[in-house]
Amino acid sequence: MRSHVGHTDVVWQTAWNPTKPLLASCSADKTVQLYSYTFTSPPLFSVATNISTDHTRTVRSVAWAPSGKALATASFDSNISIWEPSRDESWEDIDAEHIEWECVGTLEGHETECKSVAYSSDGTLLASCSRDKTVWIWEGVSTPKFILFIPTSKGKILVQPDAEFECLGVLMHHTQDIKHVAWHPKEQILASASYDDTINLYVDDPDDDWYPVAKLIGHTSTVWCISWSPCGNYFTSSSDDLTVRIWIRVKETRGDRWDCIKILKEHERPIYSVTWGKGQSGKDSLGWIASTGGDGKIIVWNIMGKGADIETIKLASLEASHGVSDTNSVSWCLHEGMENILASAGDDHTVRIWEVIPV
Amino acid sequence: MQLDNANPIVFQSAQESFRLGNRDQFILWEDEDKDYVLRDTMEDEPEPIDEQEVFDLIRSISDPEHPLSLEQLAVISASQIKILQNTVHVEFTPTVPHCGLSTLIGLSMRVRLLRSLPNRFKIDIKVKPGSHNSENAVNKQLNDKERVAAALENSALIEVVERCLSTANRRGSVVIESNE
């Protein structure tokens, strides 16, 4: 385990770059830290860059584009910012440690605190959510530079000539704050988790707008986080009701149905974060789920089985992952061969790196 | 401004606390040598935080709409505080079941405890069951850390909280003067 102090306030979330050895973390100190790491066992981390951001309040969420070439930040100041490398070097040649990131666009639209941001699997869409009870879907018109449009009552207006992001839809299907958005790993399906205790799933109607295909009821309090299984047939959710749930997609002629097939009750305080990675338990495994929350505990499960008949095998349980503090986020490393590496973020201002070692 | 509860019932404050500050006064009556020894002991072995200490921390917080303390309005009492290992559970009783200021009162208590208690303590703040029309909504909001964090970045709200907290360090020892 390695602990990294760099932030001066609560760290809310971390995100692993899908293509470069970079880890991003965001904090109430309004900055984003980028750490580079080595492909050694264990990996060695060092601070690469500190993006001070233009956000005027907590940076709550951070997300990488699937290409790794862009970073989105969501803030309590209600804005989303998009960051790209400032130099025009080819991404393949660029040295992760020495990238300078510049803001290429600010997406304004939410009325209150923005809580989560996520890129779709093909990188063309961005989703954001807020306390204002809406999910916004944005389409990026890619490279070389963007132009940003904002929908208003008078139609779309040009806000910033440097970056282009068009809003495709504003989804208003929750009755309370929306805590988290997560895209399906392969298809254009979006899931949102809310303070209204429900999970919504949305798809695009080719002839019309984005619309909700399902509202999942089961959690008995705020749903904090959602993470899709690598295969895309399942997702997991974590809640203030102290449970982690696993949901399965059931294909039916009239469309998909989503059923809760597992309820894991191991935490004693609200479960703020859950992450589903490939894991290292071979091809019969559906991957590893890790969860954490206000009790500071990190629990790792191996998910085995097929269809609705799955088994959850507890691999590890770690108390006090951030000392006496709450742990706000966990996320699995995406790099091949490092699927057992986990990053956590805590109220103690640190980011910690964990390696799950079989015993 | 329309008050949520224009005529609250005022209760006599409980006996003032015999902890910390008062004990220091006792020490001053002892001879000087002994005084120093006692003080050292106190620094080495800090008093464990118990229900009374938590009550002392929040009893003198001012009500947002009356120049009275939460204790005087019987919004909180020592018996409504429970500590289980490192979890502090505070239950409070809004003066009226439709009190729109309940979340503000709860937030003030949370801020006071966040600032005063060692950070090993987790804090749960809830209204007394049956004492508020929107009990679940109030409880949910007060215990959502993200909402609390966002609220604490709101300068207008923080200003109101600070006003409520300006009397908090009286620890029940001074009766707040009422208007006129």
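Student: Which residues is A:Asp54 in contact with, leaving aside its neighbours within four places in sequence?

Tutor: For a contact, you look for heavy atoms within 4.5 Å. In this predicted model, A:Asp54 has such contacts with A:Asp77, A:Trp83 and A:Cys103, once the neighbours within four places in sequence are set aside.

Student: Where along chain A is the place of A:Asp54?

Tutor: Look between two strands: A:Asp54 sits in the loop that links β5 (45-51) with β6 (59-64) of chain A. You can also compare sequence and space here, since A:Asp54 and A:Thr31 are 23 residues apart along the chain, while their C-alpha atoms are 8.6 Å apart.

Student: And is A:Asp54 buried or exposed?

Tutor: The cut-off comes first: exposed is over 50% relative accessible area, and buried is under 20%. A:Asp54 has 61%, so this residue is exposed.

Student: Let me try another one. Is A:Ser273 buried or exposed?

Tutor: Use the cut-offs again. The relative accessible area of A:Ser273 is 6%, so A:Ser273 is buried. Its place is in strand β24, residues 273-277 of chain A.

Student: Which residues does A:Ser273 touch, not counting residues up to four places away in sequence?

Tutor: Quite a list! Among them are A:Cys225, A:Ser238, A:Thr292 and A:Asn328. A:Val330 is on that list too, and its backbone nitrogen lies 3.0 Å from a polar atom of the A:Ser273 side chain.

Student: Now sheets, please. What is the strand order of the open sheet that has β1 in it?

Tutor: Reading a sheet means walking from strand to strand across it. This open sheet of chain A has four strands in the order β1-β30-β29-β28, paired antiparallel. At the edges stand β1 (2-5) and β28 (327-332), each with a single partner strand, so one side of each has no neighbour in the sheet. On average, neighbouring strands here are turned by 20° against each other, ignoring direction.

Student: How many bridges join β29 to β30?

Tutor: Five bridges join β29 (residues 341-346) and β30 (residues 350-355) of chain A, which run antiparallel. To see one for yourself, find A:Ile341 and its bridge partner in β30(A), A:Glu355.

Student: Which strands form the open sheet that includes β20?

Tutor: That one is in chain A as well, with four strands in the order β20-β21-β22-β23 and antiparallel pairing. Its edge strands, β20 (223-228) and β23 (255-264), each pair on one side only. Neighbouring strands in this sheet are turned by 25° against each other on average, direction ignored. Zoom in on β20(A) and β21 (residues 234-239), which pair antiparallel over five bridges. One pair to look for is A:Val223 with its bridge partner in β21(A), A:Ser239.

Student: Why is strand β18 of chain A largely enclosed by the rest of the structure?

Tutor: Count its buried residues. In β18 (residues 199-204), five of the six are buried, so the strand is largely enclosed by the rest of the structure.

Student: How does β18(A) pair with β17?

Tutor: The two run antiparallel, with five bridges between β18(A) and β17 (residues 189-194). One bridge partner of this pairing is A:Asn200 in β18(A), matched with A:Ser192. β17(A) and β18(A) also make a hairpin with four residues between them, and in the turn A:Asp197 has a positive phi of about 75°.

Student: And how many bridges link β18(A) with β19?

Tutor: Six bridges, again in an antiparallel pairing, with β19 covering residues 210-216 of chain A. A:Ile199 has A:Leu216 as its bridge partner in β19(A). A hairpin through five residues joins β18(A) to β19(A).

Student: Which repeats does UniProt list for chain A?

Tutor: The unreviewed UniProt entry lists "repeat: WD" at several places, including residues 216-247 and 340-359. Over residues 216-247 the chain is 0% helix and 53% strand, with the end C-alpha atoms 9 Å apart. Residues 340-359 come out at 0% helix and 60% strand, and there the end C-alpha atoms are 13 Å apart.

Student: Last one: how many helices and strands are there in chain B?

Tutor: Chain B has seven helices and three strands, following the pattern α-α-α-β-β-α-β-α-α-α along the sequence. Of its 180 residues, 43% count as buried. Its accessible surface comes to about 10100 Å², and 51% of that belongs to carbon and sulfur atoms.

Conventions. Residues are numbered from 1 along each chain as its sequence is written. Chains are lettered from A and ligands numbered from 1 in the order in which they are written. This is a predicted model: local features need pLDDT of at least 70, side-chain atom pairs count only at pLDDT 80 or more; totals for chains, interfaces and linings use all residues. Side-chain values use heavy atoms; hydrogens and water are left out. UniProt positions are given in the numbering used here, feature names are shortened, and annotations may be inferred rather than shown by experiment. Buried means under 20% relative accessible area, exposed over 50%, partly exposed in between (1.4 Å probe, protein chains only). A polar contact is a pair of N or O atoms within 3.5 Å; within protein, one must be able to donate a hydrogen and the other to accept it, and residues adjacent in sequence count only if both atoms are side-chain atoms. Two strands pair if DSSP finds at least two bridges between them. Axes are lines fitted to C-alpha atoms, for helices over the stretch in contact, and angles run from 0 to 180 degrees between N-to-C directions. Accessible areas come from the Shrake-Rupley method with a 1.4 Å probe; for residues, only the protein chains shown count as cover.
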